[in-house]
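Grab a pencil and work through these exercises with the model in view. Try each task before you read its solution.

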Amino acid sequence: MSLEKWRRLHELEQAIREEFADTGCPTARCPAGPRVHLVFCHFGALVEPDRSLDSWRFATIDAYKAAAPKPREARVAADFLAAHFLWVRARDVRLDELPKLEQPVAPAAADGGTLVHFQDASFDRTEVKAKVGAPARIDDFALVYRSSQGSSAGQGSGATAGAVAGAGAAAGVASGAATGAGGAAAGAATGAAVGTCTGGAAAGAGTGAAAGAAGAAAGTGAAGAAAGAAAGTGAAGAAAGAAAGTGAAGAVAGAAAGTGAAGAAGTGAAGEDATGIPRRRRLCLSVPGSAGEHKDVDVAGATVEASLLYPVPTQHNELRLLSVSPGFQFEVGGTAVGATDPWTESTRAFTVAQRGQRLEERSSSTYVGKVVSSQWGVGIAKYASEGTDTTELANRHACDLGDSRVKVFKALRNVEGGCESVATYDGPKISWGINQWTLPSVTGELWQILAFIYDFYPEAFARRFSYYGIGLWFASRAATWTAHGTYRDVLVYRLPCCGPQTRAAIDAVFAAGGAAAGATAEAQAQTSDTPPAPMRGIAQALRLTRRATTSIAMCHVFTTAGADEDIQKAQAQWMSYRISSTRPVGKTIGDVIDLFLRSLGSNMSATARLNTAVASLGDEYSPEQVQSLLGETFSDDGASGGWIDWPTRCRDAGKST
């Protein structure tokens, strides 16, 4: 987002504060008399202001101003403006059954606002209920926060490149950029696609996957199954659309239950159709800085309804916030957990007595992990499934990785986990993915790969993280890839629906606008392909802690993100850059495997490393072939430059370093 948007925010804030006199409640208690409240209705997803603020006309602010002689507050109008820099607005929200109304409350306008006109400010009871009716879905998912200048530059599948493949459409990526997922039938199971990279769907399926049953371009270049439409976005689907219950991306009936499978067809589907998205919504009414009442409701149609406490404090000079966010239904061993706030309830709080029990999100049929006890405490673990381990990734992306890297990937299958693997049992932080990226302190490689996903796979970041209110900021990219320093000063944050952090976030928006207004020429010339400097303050105000990553909800977010095919591709690329960091060319493949494991911080002995590699390779090669393979000289002949070289990846995507 450009600094110009932030400067415009500051100008409007100043105009509002000059135009609206704080005439209502300068003291501790508001006087009786007619009142007007301003309500901002929104979804819990972070907004992309560049897309949402294409017009600076706010009809609700104009109506609020016209509500004279009722007291109107500058703070309320300014907070309403700032909220548009935080959340995705929700239109057509209704507030009914409130007492003492002068007139019915109009549905929320296009700017997410509505006014509540009370006859007077005194109520005969301390609790006032409102019947809330709201859309269950975001009407324009393009409003959800992502890298504004981000581009997958032909590297992504799924919804990228405007290809919103949905749940298995056979149309392929708009540009024909079939990304060549590991396909149907034999599906490149032995990596035979290396050297024959014309195999695969839709005119050569860019990563050399074996052609599907009919060679059709299912979804976004999947080497599709049967009718060429298996599992929507390049899923590794067999004839009927992928082995149900094995973790294959996009099993026919959404085989998410039971084995950590990625779930229903279409892992690259856009927005709220994506696999693993809860089929419930949480409604919340609050004022900035205070907790509101929550109600979780099932989505049975286009709208959701609930009766909620309407905030009527003695101070009326506050914006009302009405939030619609994902609602969860978590169970451990069949017992409900996380009902109050799954974002704060930690999986580290599970007990030894729950060991072995399964944590599941019932509304989306998502298996999150099982309770594990260790010397570091109790948490959860979800291990690899066959569809998302490094062998599957090697087969899927064989032509980009090249023969030597394919063999390294396959050797490392049993070392850490699959793309959707999560663990919290070994410390107060989450570990995630094929290399179990984590946070050894307040920062770590986990934040680095999230920055990579945000930067190069913006649509995937939007549907898997921003949708839940999770955002990211970084200062710049390094010219050289390193595990902990490719992105500088990374901040990962989350905006909740209510509570003290909502006040902090709104105040941070105002501070950002002020900083932009006074920015130097150097700051104004900031690189346009990195997050704008003013957003740093918002990220700092809402920064996630290590322990916050172990929450029940966060574990769900990460495991379902790992089942998204674009994010699987990002994980494979990030792992490939780590291989490159060992300077592998000219070494033996066995030595490269050893150096890679050392770079992860593995405490395995050299013998254990070799045994792990041999065991992983033994499923495909004979013992003699394994020994020969480990002694081969590593070569990057045939590999794609953007997959093995960070500067090339950035240059191809037009990114600055």
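## Exercise 1: a helix and its surroundings

Helix α4 (residues 74-83) is largely enclosed by the rest of the structure, because 9 of its 10 residues are buried. Here, helices (H or I, at least four residues) and strands (E, at least two) are DSSP runs, numbered from the N terminus. Buried means under 20% relative accessible area, with exposed over 50% and partly exposed in between (1.4 Å probe, protein chains only).

Before you start: this is a predicted model, where local features need pLDDT of at least 70 and side-chain atom pairs count only at pLDDT 80 or more, while totals for chains, interfaces and linings use all residues. Residues are numbered from 1 along each chain as its sequence is written, and side-chain values use heavy atoms, with hydrogens and water left out.

**Task.** List the buried residues of α4 and find what they pack against.

*Step 1.* The buried ones are A74, V76, A77, A78, D79, F80, L81, A82 and A83.

*Step 2.* Look for contacts (heavy atoms within 4.5 Å). You'll find α1 (3-19), β1 (35-46), α3 (59-65), β2 (87-89), β4 (113-118) and α10 packing against these buried residues.

## Exercise 2: checking a helix span

**Task.** Compare the expected span of α10 with the distance between its end C-alpha atoms.

*Step 1.* The expected span is 1.5 Å times one less than the number of residues.

*Step 2.* α10 has 18 residues, so it should span 26 Å.

*Step 3.* The end C-alpha atoms of α10 are 26 Å apart, which agrees.

*Step 4.* Now for its neighbours: the buried residues of α10 pack against α1, α4, β2, β11 and α12 (535-541).

## Exercise 3: following the strands

**Task.** Work out how β14 pairs with β12 and with β15.

*Step 1.* Two strands pair if DSSP finds at least two bridges between them.

*Step 2.* β12 (residues 330-332) and β14 (residues 358-361) are antiparallel, with 3 bridges; V332 has L359 in β14 as its bridge partner.

*Step 3.* β14 also pairs with β15 (residues 366-374), again antiparallel, over 4 bridges. Here R358 is bridged to K370 in β15.

*Step 4.* A hairpin joins β14 and β15, with 4 residues between them, and S365 in the turn has a positive phi of about 55 degrees.
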